[in-house]
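Reader: I am new to this structure and would like to go through it step by step. Please show it, and I will ask as we go.

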Amino acid sequence: MLVGAQWGDEGKGKVTDFLAEKADYIVRYQGGTNAGHTVVVGDRKFMLHLIPSGILYPDKVCVIGNGVALDLEMLVNEIEGLEREGIDTSNLRISSRAHLLMPYHKKFDELQEQGCRQLGTTKRGIGPAYGDKIERVGFRMTDVLDDDFPARLETVVKEKNRILERLYDQPPYDCRDILDRLRACVDRLRDYVTDTSLLVNRALDQGKKVMLEGAQGTLLDIDHGTYPYVTSSHPTAGGACVGSGIGPTRVSRVVGVVKAYTTRVGEGPFPTELTDATGDFIRERGAEFGTTTGRPRRCGWLDAVILRYAARVNGLTDLAITKIDVLDEFERIKICVGYKRGNTMLEEFPESLKVLQDCEPVYIEMDGWKTSLQNCRTYEELPEATRRYIEKITELTGVPHCLVAVGPGRGQTIVTREVFA
Ligand code: IMP
């Protein structure tokens with residue numbers, strides 16, 4: 001399992017792509033087109049939103065699990081975009097249980113962001129789509145193929161239209177148009193659709209190596225994140241089981257992807273945020289602009305309180321540390337080791353946003369390395385100060401590292417502990 005240990009954008013796409021070389025199956029288990037995973041292969045850069053990052057290897061089976069919110073038109077676009085680049089997508093499989101993200105979900109996301117719920121979402125319809133799933137008025141991939149689908153769709157669209165017209169003063173949706181658009185996509189995607197829980201469990205039975213790829217991160221989890229400033233799914237390890245249809249007894253390693261500093265997009269508290277020139281410097285050097293929305297990301301120092309929390313709620317066995325080269329030019333680097341609220345020290349990540357907002361980070365400072373790491377290929381080649389920084393992260397979290405990324409390319413990855421035995 002590969003999970004984001006912070007607020008998303010930790011570099012999961014790159015780590016998945018790297019680890020995928022030794023995997024047989026790569027499974028996306030939650031989120032939707034709110035995710036943007038960047039993978040750099042040679043001089044080519046790919047942006048993936050729904051399709052697992054393993055798709056760039058021709059021999060891997062890539063699975064979109066039941067926990068993903070599926071925007072079918074976006075998926076068709078993504079497949080066609082990859083095919084235009086000469087990437088074969090015939091090894092893609094889509095869960096027949098995955099819920100569909102409908103055109104009206106995007107509309108509601110946009111309208112709610114202007115109204116009672118200003119979270120800074122990606123406006124990709126994620127909250128409304130998962131909301132309908134939980135309300136039991138959603139539609140799964142398999143439902144579209146049922147005879148009674150047009151009638152069920154009509155009932156739901158009628159109700160959505162009433163809300164749109166009466167509450168938001170918006171034009172209604174034409175049910176026929178939605179149906180035609182869905183059917184065109186389903187016709188295009190039909191061959192990919194299957195019971196992916198069965199597929200993945202059978203693969204495990206045969207001794208295949210399966211990797212579960214999370215989107216977003218621990219602090220965006222609907223239960224364990226900084227609610228309500230979260231996404232509407234479970235990016236954490238528990239969500240990986242639910243969203244892929246495998247049991248926890250089948251999981252051997254849980255790798256938390258940790259960026260060497262912290263970023264956040266959208267609203268919500270962020271204790272180590274730097275709103276000064278240092279934050280701007282990290283943003284520019286780390287190209288911290290949203291893959292999906294282009295929004296500038298808020299940047300700050302590494303927060304070990306968050307990482308300890310992520311280690312706990314995910315049961316992390318490993319850390320994959322990314323973008324450490326972004327810190328190359330700093331004389332001194334800070335790590336937050338605790339929070340101070342008034343005269344009280346907090347060792348654990350608080351559940352109340354009010355408390356979190358009041359917290360002041362308590363930092364330790366470490367020497368920077370003031371040299372480029374981009375060409376380092378082994379752990380021993382890393383400067384001593386870099387190794388001290390990495391070991392400090394392990395010491396503060398109690399979780400060993402398995403991988404350190406020193407640049408965006410596949411080759412710029414140092415393995416410190418094999419993930420696939
Ligand atoms: P939503 O997932 O579009 O509903 O957005 C909810 C919150 O999660 C917002 O603060 C988004 O910026 C954030 N978010 C959603 N997806 C990602 C992601 O892939 N990376 C980072 N933040 C994300």
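Reader: Which residue is the bridge partner of Cys62 in E7?

Author: This is a predicted model. Strand E5 covers residues 61-64 and strand E7 covers residues 92-95, and they pair in the parallel sense over three bridges. Within this pairing, the E7 partner of Cys62 is Leu92.

Reader: Which residue in E9 is the bridge partner of Ile94?

Author: E7 also pairs with strand E9, residues 193-194, in the parallel sense. That pairing has two bridges. In E9, the residue bridged to Ile94 is Val193.

Reader: In which sense do strands E3 and E4 pair, parallel or antiparallel?

Author: Strand E3 spans residues 37-41 and strand E4 spans residues 44-48. The two form a hairpin with two residues between them, and Gly42 in the turn has a positive phi of about 60°. Val41 has Arg44 as its bridge partner in E4. Over five bridges, the sense of the pairing is antiparallel.

Reader: How many residues does each domain give to the contact between domain 1 and domain 2?

Author: The domain assignment gives domain 1 as 2-90 + 195-415 and domain 2 as 99-191. Their centres, taken over C-alpha atoms, are separated by 29 Å. The contact takes 30 residues from domain 1, and from domain 2 the number is 22.

Reader: Where does the ligand lie with respect to the two domains?

Author: The shell around the ligand holds residues from domain 1 (2-90 + 195-415) and from domain 2 (99-191). Because both domains give residues to this shell, the place of the ligand is between them.

Reader: Which of the 16 residues around the ligand come nearest?

Author: The shell divides into seven nonpolar, seven polar and two charged residues. Of the 16 residues around the ligand, those that come nearest are Asp9, Asn34, Thr122, Thr231 and Arg295.

Reader: What percentage of the ligand's accessible area does the protein cover?

Author: Polar atoms of the protein can be followed around the ligand. An N or O atom in the side chain of Asn34 is 2.9 Å from a ligand oxygen atom, and for the side chain of Thr231 the distance to a ligand oxygen atom is 2.6 Å. Val265 takes part through a backbone N or O atom, 3.1 Å from an oxygen atom of the ligand. On its own the ligand has 470 Å² of accessible area, and the part covered by the protein is 96%.

Reader: Is the peptide bond from Tyr227 to Pro228 cis or trans?

Author: Pro228 sits in the loop between strand E10 (210-213) and helix H8 (237-244). The peptide bond leading to Pro228 from Tyr227 has omega near 5°, and the bond is cis.

Reader: What is the phi of Arg136?

Author: Arg136 belongs to the loop between helix H4 (126-135) and helix H5 (149-168). Arg136 is a residue other than glycine, and its phi is positive, near 70°.

How values were computed:
Residues numbered from 1 in each chain as written. Predicted model: local features only at pLDDT ≥ 70, side-chain atom pairs only at ≥ 80, totals over all residues. Heavy atoms only, no water. Pairing = 2+ DSSP bridges. Helix = DSSP H or I, 4+ residues; strand = E, 2+ residues; numbered from the N terminus. Near = heavy atom within 4 Å. Polar contact = N/O pair within 3.5 Å; in protein donor to acceptor, adjacent residues only side chain to side chain. Areas by Shrake-Rupley, 256 points an atom, 1.4 Å probe, with all protein chains shown as cover. Nonpolar A, V, L, I, M, F, W, Y, C, P; charged D, E, K, R; others polar. Domains from an automatic or database assignment. Contact = heavy atoms within 4.5 Å.
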